[in-house]
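Q: I have a structure here that is new to me. Can you take me through it?

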Amino acid sequence: MAENNTEVTKVAINDIGTEEDFIKAVDSTIKNFDDGDLVEGTVVKIDHDEVLLDIGYKTEGVIPSRELSIKKDVDPDEVVEVGDQIEALVVTKEDKEGRLILSKKRAQYERAWGDIEKIKEADGVVEGTVIEAVKGGLIVDIGLRGFLPASLVEMRRVRDLSPYIGQKIKAKILELDKNRNNVVLSRRQYLEETQSEVRETFLSQLKKGQIREGVVSSIVNFGAFVDLGGVDGLIHVSELSWKHIDHPSEVVKVGDKVTVEVLDVDLDRERISLSLKATQEDPWQRFARTHVPGQIVKGKVTKIVQFGVFISVEDGIEGLVHISELANRHVENPETVVKPGETVFVKVIDVDLDRRRISLSLKQANDSVDPASEDFDPAIYGMPAEYDEQGNYKYPEGFDPNTNEWIAGYEKQREEWESQYAAAHELWEEHKEFVAKELANAAESAAADGQGQKEEKPVEETSNYSSAAPATGTLADSDQLAALRDQLLGK
C-alpha cells in the first residue's frame, strides 16, 4: 500500500495571539462614550418617528424625530437621508428598552453655542432662517433657536410677521444666556449699522422737490412711512390727500406703490418729509380748469350760516352762496330756502383760485332754465366747448359740419363726445325738475320768511348762458349742431 504524503493546507493564520488578545482587539473596535458626549455616525434607516444611526457601537443609536431638528413637527425624510454622516449627542447609553438614545439637534445646539459665543465676543453677525412666528416676535434657526422681537425686525415695528417665515436674515446678538437657553437677536441693529453709510449717501443725493417712487412700509396715526429704497420717509397725514381725512388708512395701505414729492431733507436728524398730494392735481386747480363762470353745477348743502350757505360742489371743494343770491326776494334766514344735506343746482359766479373761494348763486341758476323749455346748451352743464375768435362753436375732431356726420376712423372721439353730451343733458333734465319743484314751493318759502307772496318783476338774465340771452356763440344756436343733438337724442 502506497504511503500517503498529502499535507493539510492551512486556511487561517493566528496573527492575533491568545484568546485574551482577540477579545481586546474586538473591544478596540467599539467606541467608548458617556452621556453628553458628541459622536459621529451614518444614517442607516429612516422611519416616520425615528432615525437609526450607526456610530460603531454594539447597537445602532436611535434619534427620535423630536430630536432631529429645532423645528417642531418635522418629517425625518426632510432632515436626513440614508447614508448621511451626521453628529449626535448621547442622551442616554441605555434607556428602559435597552436602546442607545441620541439627539441631532442637541449636538447642533452644543456646536452652535460655541460658535455663537465667539460671534458675540467679536461683535459679529449671525445668519439664519426664520422658522416660526410666535407671540412677540420670530424664531430664527441659527443652529439653535434665536428669538427676534417684533420691535427689532425692521427699522420700525412690523405688525404682520408672517411674510418673514422661510426668509434668511442677518442679525446682531443682543443677549446670550446658555443656562437659561436664551438668545435674543436684533435685525434692526444690523440694518442700522449696515445702512448707516448707505443712508448718508442716499440723503446727500436727495433734494427738495424731487419726485420719487416708493412703497408704503408702515402706517401710524400721524401719517405713513414710505420706503424709498432702504431709507424711509414720512408722509404726514396732512400731505396724503387734498381733502380732509381722519386716518392715513383711508388713502394708503402697507405695500402700496406710491409716487411722492420730497418736501424736506433734514440731514442732521436724518428725516425725510414727503408729500403724496403734491404729485396729484390740486382739485381746486382742476375745478378752475374745468369750470367757468356761468356754468351750472350740482352740489350739496354742507353748512348754513347767517350770511349764506356753503355748497360742496366736488369732493373737498366748497363754494358759498351769499344770502343775497339765494332767492329773488329778501331772505332773513337761509334755512327758509335750503336745508342741510339738500341737493341743489347753483351757477358758478366766480372762482378765486389764489384765495380758494368759489362764489355761487342759487337764484341765478333757477332763473337760467325754464322747466317747460327744450332749449338746451350743453356747455352750461359742464360739457367742454371751444369757440373761435368770432364766438362760433368749434366742432369736435372727426365731425363734419357740412354733412352733420362723423368721419370714419374717429369712433373713439365720437364716443367720448356723445358721453359728455349725454352727461350734460342728464344734468339739464335734473335741473329742470329741481327748478319746477322750487317754483312750486316758492310761495311756501316766502310765507315762512314772513314775507307772504309778493309779485316781483322777472329778473333779466344778462349771461350768454341764459335761455333768454342772445343765442350768439352757444351750442344751442347752431343749426348744424342742433341737428347733431337731434341725432343723439334719437329725433
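A: What follows is a short walk through this predicted model.

Q: How many helices and strands does the chain have?
A: There are 8 helices and 22 strands in the chain.

Q: And what share of the residues is buried?
A: Of the 491 residues in the chain, 37% are buried.

Q: What about contacts between residues at least 6 apart in sequence: what percentage join residues at least 24 apart?
A: That percentage is 60%.

Q: Pockets next. How much space lies in the largest pocket?
A: The largest pocket holds about 1,200 Å³ of space. Its lining has 38 residues, and those closest to the centre are Arg156, Ser217, Ser218, Phe225 and Asp232.

Q: How do the lining residues divide into nonpolar, polar and charged?
A: The lining of the largest pocket has 14 nonpolar residues, 9 polar ones and 15 charged ones.

Q: Which elements each supply at least two residues of that lining?
A: One helix is on the list, H4 (187–205). The strands are S11 (211–220), S12 (223–227), S13 (232–236), S14 (257–266) and S15 (271–275).

Q: Where does the largest pocket lie relative to the domains?
A: It lies between domain 2 (123–192) and domain 3 (212–275), because both domains give residues to its lining.

Q: Let's go to single residues. Where is Ser186?
A: Ser186 is in strand S10, which covers residues 182–186.

Q: Buried or exposed?
A: Ser186 is buried: its relative accessible area is 3%, and the cut-off for buried is under 20%.

Q: What does the side chain of Ser186 reach?
A: It reaches the backbone nitrogen of Gln189, at 3.0 Å. If residues up to four places away in sequence are not counted, Ser186 touches Leu148, Leu152, Ala171, Lys172 and Leu174.

Q: Which strand is Asn182 in?
A: Asn182 is in strand S10.

Q: Why does Asn182 count as buried?
A: Because its relative accessible area is 19%, and buried means under 20%.

Q: Which residues is Asn182 in contact with, leaving aside neighbours within four places in sequence?
A: Asn182 has contacts with Trp113, Glu175, Leu176 and Asp177 on that basis.

Q: Switching to helix H7. Where does Val435 sit, and is it buried or exposed?
A: Val435 is in helix H7, residues 411–448. With 2% relative accessibility, Val435 counts as buried.

Q: What is Val435 in contact with beyond four places in sequence?
A: Val435 is in contact with Asn366, Val369 and Pro371. Its C-alpha atom is also 7.9 Å from that of Asp370, and 65 residues separate the two along the chain.

Q: And Trp417, where is that?
A: Trp417 is in helix H7 too. Trp417 is buried, at a relative accessible area of 5%. From C-alpha to C-alpha, Trp417 and Glu397 are 9.5 Å apart, with their positions 20 residues apart in sequence.

Q: Last topic, backbone angles. What is phi of Asp123?
A: Phi of Asp123 is positive, about 55 degrees, although Asp123 is not a glycine. Asp123 is in the loop between helix H3 (104–121) and strand S6 (125–134). Its relative accessible area is 52%, so Asp123 is exposed.

Q: What about phi of Arg356?
A: Arg356, a residue other than glycine, has a positive phi near 55 degrees. Its place is the loop between strand S19 (343–352) and strand S20 (357–361). At 35% relative accessibility, Arg356 is partly exposed.

Notes:
Residues are numbered from 1 along each chain as its sequence is written. This is a predicted model: local features need pLDDT of at least 70, side-chain atom pairs count only at pLDDT 80 or more; totals for chains, interfaces and linings use all residues. Side-chain values use heavy atoms; hydrogens and water are left out. Helices (H or I, at least four residues) and strands (E, at least two) are DSSP runs, numbered from the N terminus. Buried means under 20% relative accessible area, exposed over 50%, partly exposed in between (1.4 Å probe, protein chains only). A polar contact is a pair of N or O atoms within 3.5 Å; within protein, one must be able to donate a hydrogen and the other to accept it, and residues adjacent in sequence count only if both atoms are side-chain atoms. Contact means heavy atoms within 4.5 Å. On a 1 Å grid over the protein atoms alone, a cavity is a set of points where a 1.4 Å probe fits but cannot get out, and a pocket is an open set with protein on both sides within 12 Å along at least five of seven lines; lining residues have an atom within 4 Å of a point. Grid points are joined across faces, edges and corners, and a volume is the space filled by probe spheres set on the points. Ala, Val, Leu, Ile, Met, Phe, Trp, Tyr, Cys and Pro count as nonpolar, Asp, Glu, Lys and Arg as charged, and the others, Gly among them, as polar. Domain bounds come from an automatic or database domain assignment.
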